[in-house]
Amino acid sequence: MIEKLRFELEDGTAVDFYVEEQTRVNGTNYLLVTDSQDDEAEAYILKDISEDSDEVANYVMVEDDVELSALSRVFQEMLDDTKIDF
């Protein structure tokens, strides 16, 4: 069963994402999430920017092209039977 998490946007609206995979790179946690469980789902990479003292994880979408490209390759290798387009 794939874990579902609720992502709260800055304007207060909430979006549900499905966690497909997770990894840790250079001490930072990343999640590969999709907006649905359909074959045509949109994929996103979320970066944990929480402090160790935070009670709740704080994730932001990875927007930096270099970081996104590198992480896309990492997740692609982890899910070698799945094609991921960002």
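User: What do buried, exposed and partly exposed mean here, and which class does Asp 16 fall in?

Analyst: Buried means under 20% relative accessible area, exposed over 50%, and partly exposed in between (1.4 Å probe, protein chains only). This is a predicted model: local features need pLDDT of at least 70, side-chain atom pairs count only at pLDDT 80 or more, and totals for chains, interfaces and linings use all residues. Residues are numbered from 1 along each chain as its sequence is written, and side-chain values use heavy atoms, with hydrogens and water left out. Asp 16 has 24% relative accessibility, so its class is partly exposed.

User: Which residue forms a salt bridge with Asp 16 at 2.8 Å between the closest N and O atoms?

Analyst: A salt bridge is a side-chain nitrogen of Lys or Arg within 4 Å of a carboxyl oxygen of Asp or Glu. Lys 4 pairs with Asp 16, but its closest N and O atoms are 3.8 Å apart. The partner at 2.8 Å is Arg 6.

User: Is Arg 6 buried or exposed?

Analyst: Its relative accessible area is 59%. The cut-off for this class is over 50%. Therefore Arg 6 is exposed.

User: Which residue meets Lys 47 in a salt bridge?

Analyst: Lys 47 is partly exposed, at 24% relative accessible area. The N to O distance of the pair is 3.2 Å. The partner of Lys 47 is Glu 67.

User: In what order do the elements of the protein chain run from the N terminus on?

Analyst: Helices (H or I, at least four residues) and strands (E, at least two) are DSSP runs, numbered from the N terminus. The chain has one helix and five strands. Their order is β-β-β-β-β-α.
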